[in-house]
Amino acid sequence: MTQIPHNGYDGPRPPRAQAAAVRAAQQGDQRALDQLVADYLPLIYNIVGRALDAPGDTDDVVQETMLQMIRDVRKLRDPEAFRSWLVAIAMRQVRGHWRARRSAPDSAGIQDLQETALLADPGADFVDLTITTLNLSGQRRETAEATRWLDADDRQLLSLWWMEVAGQLTRTELAVALELPPPKAAVRIQRMKAQLEISRTVVRALHAVPRCQEADAVLRDWDGRPAGLWRKRIARHVRTCPTCGGVPAEMVPVERLLANFALVPVPPVLLALALTGAGGVAHHSATAATHARSGAARTGRAASRSASRAASRAGGISLGKAAVLSGAALALVGATAAYALAPSSQGRQHRTAGTATPAAVRPSSVPPPSTTPSATATTAKPSATPSHTAAAPKAAAIVNTRLPLRAAFYYPWYPENFSGGGSKYTPSAGKYSVDVPSTVDRQIKDMQYAGLQAGISSWWGVGKREDKRLPLLMSEGAKLGFSWTVYYENEAYGDPTAAQIRSDLVYLRKYSGQKTWLHIDGKPVIFVYGGGDDGCGMATRWAQANKTEGYYVVLKVFGNYLNCADQPQGWHQYASSLDIQKGYSAILSPGFWKNDQATPSVPRDLTRFRKDATTVATSGEPFQLLVTYNEWGEGTAAESSTDWPSASGHGAYMDILHQVFTAHPR
């Protein structure tokens with residue numbers, strides 16, 4: 001194996017030598033600080049790179065780690081503990097990044113997730129980078145590829161253990177980074193190694209030429225993506241297959257393969273900037289907004305939005321791939337930007353609990369949106385349609401749905417958002433993929449069984465993951481007689497102009513012109529999420545954008561929304577408990593337990609849910625909405641779980657909706 005230079009890092013320094021450099025940096029020695037960045041950047045780059053599976057995010061997390069080191073090094077009480085302190089910072093950054101990705105489907109990183117997940121084309125993920133730059137072959141290559149099959153927690157642990165076996169970290173430093181005592185760290189390592197060995201057998205079986213026929217049968221429905229469920233299935237086959245069963249005996253122990261392993265070199269630009277103590281101030285608008293979004297969970301819409309604006313005012317420090325902030329002056333400015341970008345712990349309220357309209361502004365009697373009595377399957381001609389809608393399917397007849405409408409908020413984020421312990425609950429269907437038609441069929445039938453006529457699918461913009469999955473939802477909905485619309489999410493992160501909104505509405509005509517799209521009064525329906533600081537300006541922008549588009553716009557409520565001069569066709573609330581906006585909407589939710597909370601904010605209670613369902617079903621409100629069908633990250637999902645199974649197979653919450661809505665038809 002060809003050895004690659006370590007770019008300035010030759011393994012653990014003696015504690016005294018390390019401490020001397022740290023003390024000098026703490027006393028303001030700029031050269032010492034720059035040298036610390038240069039010395040430890042390769043180590044942090046390798047740890048973060050192996051811990052993450054999103055190559056586009058690795059540089060950003062590394063730089064955020066080094067920025068925190070620069071900002072906080074003076075606070076370090078024990079200079080001899082510098083390396084373990086720095087590695088612990090890196091692992092906290094990795095875990096924080098994973099939490100943000102599980103909670104908020106952001107445009108940044110989505111393409112990386114998709115590319116990395118594909119075995120056929122892993123792109124330039126860190127595994128591929130390791131194999132290429134270090135010229136790995138044979139069992140070393142297989143071991144690197146096997147890391148793709150580990151769960152997120154095991155991958156993070158492996159990133160540290162790999163460095164320990166390679167001679168770059170001590171066991172004590174590893175345990176500190178995990179925030180565990182050494183004995184518990186040792187137990188976790190043994191468990192992770194067992195999963196790695198299983199993953200090695202999986203890679204060996206997949207690469208076998210020719211592959212045994214039984215393995216081909218097992219893999220018939222596999223989509224090519226490394227996943228825990230398929231790891232178990234393939235490993236089970238290996239254990240029982242006479243052809244593949246001898247594979248483990250031929251394997252060299254992984255410790256021998258990783259011993260004295262070279263570090264993957266840091267990208268030249270990143271390394272050069274670090275070595276020269278350079279910083280970058282550029283492209284702040286897009287980069288700061290991206291980091292504010294990726295750093296805030298879905299539950300912190302308003303906080304994230306305020307963070308973006310604060311970052312814009314703070315001087316525009318880019319934390320993107322072009323900048324490693326080093327030096328006292330840049331560290332000071334960088335700290336300002338970091339605080340501007342960080343979401344407030346007090347301001348991060350659950351998205352469903354914010355912006356509830358005060359009772360004073362809820363009218364006791366407000367005429368509901370105008371409705372035209374029509375059967376669900378009544379065909380009608382759409383209202384005047386602008387010329388640009390000619391791209392819509394010509395044969396699509398508009399199918400109106402009569403009010404009241406019963407629908408559920410739906411999230412096409414899976415299997416990606418199941419990674420790394422993405423929920424407090426386990427779906428009965430396991431870590432399913434919404435790219436599989438049978439999964440979408442099952443979910444549609446689930447919602448139909450519960451008495452729902454439509455799904456409101458999260459939508460983050462043209463070409464994003466959710467947009468790419470709309471065609472399958474539409475085609476399966478057409479087969480089963482189920483309607484879809486979208487939840488326009490980007491309104492919550494800023495104030496898109498009327499022109500941008502109009503452009504998105506024009507684009508969505510490729511879907512909304514189909515009869516499967518939810519229509520009311522001949523108009524395609526669209527739901528819009530809003531931030532906690534939205535007001536009448538939001539309603540005005542949507543009214544301006546919709547002048548020529550003819551959508552049935554249903555905005556999320558905010559304080560005094562009824563006093564706005566511009567009124568949409570409908571209003572709705574999004575909350576984790578019963579809420580009625582008189583004349584517009586009634587909603588219910590099973591509860592709320594976000595994946596990073598120790599205890600639920602809104603505990604689940606089947607008796608309460610049945611009572612709430614009855615209230616909603618008898619409210620007569622035009623929109624009767626379930627929050628949500630499958631938002632597993634926030635724990636609002638009503639989809640069947642191993643925590644609330646039922647004899648019907650639909651789960652206890654869908655059973656209750658079936659019973660209540662059947663007893664109280666629309």
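The exercises below, each with a worked solution, concern a predicted model.

**Exercise 1. The disulfide**

Determine how many disulfides the whole structure holds, which residues form them, and what parts of the chain are tied together.

Solution.
Step 1. A search of the whole structure finds one disulfide.
Step 2. Its partners are C536 and C564, whose sulfur atoms lie 2.0 Å apart. A disulfide requires two cysteine sulfur atoms within 2.5 Å, so the pair of C536 and C564 at 2.0 Å qualifies.
Step 3. The angle about the S-S bond is -85 degrees, and the link of C536 and C564 is left-handed.
Step 4. C536 belongs to helix 22 (residues 536-545), while C564 sits in the loop between strand 8 (552-556) and strand 9 (570-572); the disulfide therefore ties together parts that are 28 residues apart in sequence.
Step 5. The two partners are then classified by accessibility. C536 is partly exposed, because its relative accessibility is 33%. C564 has a relative accessibility of 6% and therefore counts as buried.

**Exercise 2. A salt bridge between distant parts of the chain**

Identify the salt-bridge partner of R92, and state where each of the two residues lies.

Solution.
Step 1. The structure holds 22 salt bridges. One of them joins R92 to E179, with the closest N and O atoms 3.1 Å apart.
Step 2. R92 is part of helix 4 (residues 82-103), whereas E179 is in the loop between helix 9 (171-178) and helix 10 (182-207), so the bridge ties together parts that are 87 residues apart in sequence.
Step 3. Both residues must be placed on the scale from buried to exposed. R92 is partly exposed at 37% relative accessibility, and E179 is partly exposed at 49%.
Step 4. The backbone of E179 deserves a separate remark. Phi of E179 is near 60 degrees, a positive value in a residue other than glycine.

**Exercise 3. Salt bridges of helix 7**

Describe the salt bridges made by E145 and by E142, and explain how the sequence spacing of R141 and E145 relates to the helix.

Solution.
Step 1. E145 meets R141 in a salt bridge, at 3.3 Å from N to O.
Step 2. R141 and E145 are four residues apart in helix 7 (residues 138-146), which means that about one helical turn separates them.
Step 3. R141 is partly exposed, with a relative accessible area of 37%. E145 is buried, with 11%.
Step 4. E142 forms a salt bridge with R204, the closest N and O atoms being 2.9 Å apart. This pair links distant parts of the chain, since E142 is in helix 7 and R204 in helix 10, 62 residues apart.
Step 5. The cut-off for a buried residue is under 20% relative accessible area. R204 is at 14% and therefore counts as buried; E142, at 13%, is buried as well.

**Exercise 4. Charged groups**

State which residues form a positive surface patch, and which are linked in a network of salt bridges.

Solution.
Step 1. The positive surface patch is formed by K232, R233, R236, R239 and K431.
Step 2. One of these residues, R239, has its place in helix 12 (residues 228-240). R239 counts as exposed because its relative accessibility is 62%.
Step 3. The network of salt bridges links E416, D435, R465, E466 and R469.

**Exercise 5. Backbone features**

Locate the cis peptide bonds before P404 and P415, and describe phi of D521.

Solution.
Step 1. The peptide bond from L403 to P404 is cis, with omega near 0 degrees. P404 lies in the loop between strand 2 (398-399) and strand 3 (405-410).
Step 2. Y414 and P415 are joined by a cis peptide bond with omega of about 20 degrees. P415 is found in the loop between strand 3 and helix 18 (437-449).
Step 3. D521 is not a glycine, yet its phi is positive, near 55 degrees. D521 occupies the loop between strand 6 (519-520) and strand 7 (523-528), and D521 is partly exposed, with a relative accessible area of 25%.

**Exercise 6. A residue pair separated in sequence**

Is N46 buried or exposed, and how far is N46 from L263 in sequence and in space?

Solution.
Step 1. N46 belongs to helix 2 (residues 30-51).
Step 2. With a relative accessible area of 0%, N46 is buried.
Step 3. N46 and L263 are 217 residues apart in sequence, and their C-alpha atoms are 6.6 Å apart in space.

Notes:
Residues numbered from 1 in each chain as written. Predicted model: local features only at pLDDT ≥ 70, side-chain atom pairs only at ≥ 80, totals over all residues. Heavy atoms only, no water. Patch = residues over 30% accessible without salt bridge, like charges linked within 9 Å, V, L, I, M, F, W, Y side chains within 5 Å. Areas by Shrake-Rupley, 256 points an atom, 1.4 Å probe, with all protein chains shown as cover. Salt bridge = Lys/Arg side-chain N within 4 Å of Asp/Glu carboxyl O. Lys, Arg positive; Asp, Glu negative; His and termini not counted. Charge placed at Lys NZ, Arg CZ, Asp CG, Glu CD. Buried < 20%, exposed > 50% of the residue type's maximum accessible area, 1.4 Å probe, protein only.
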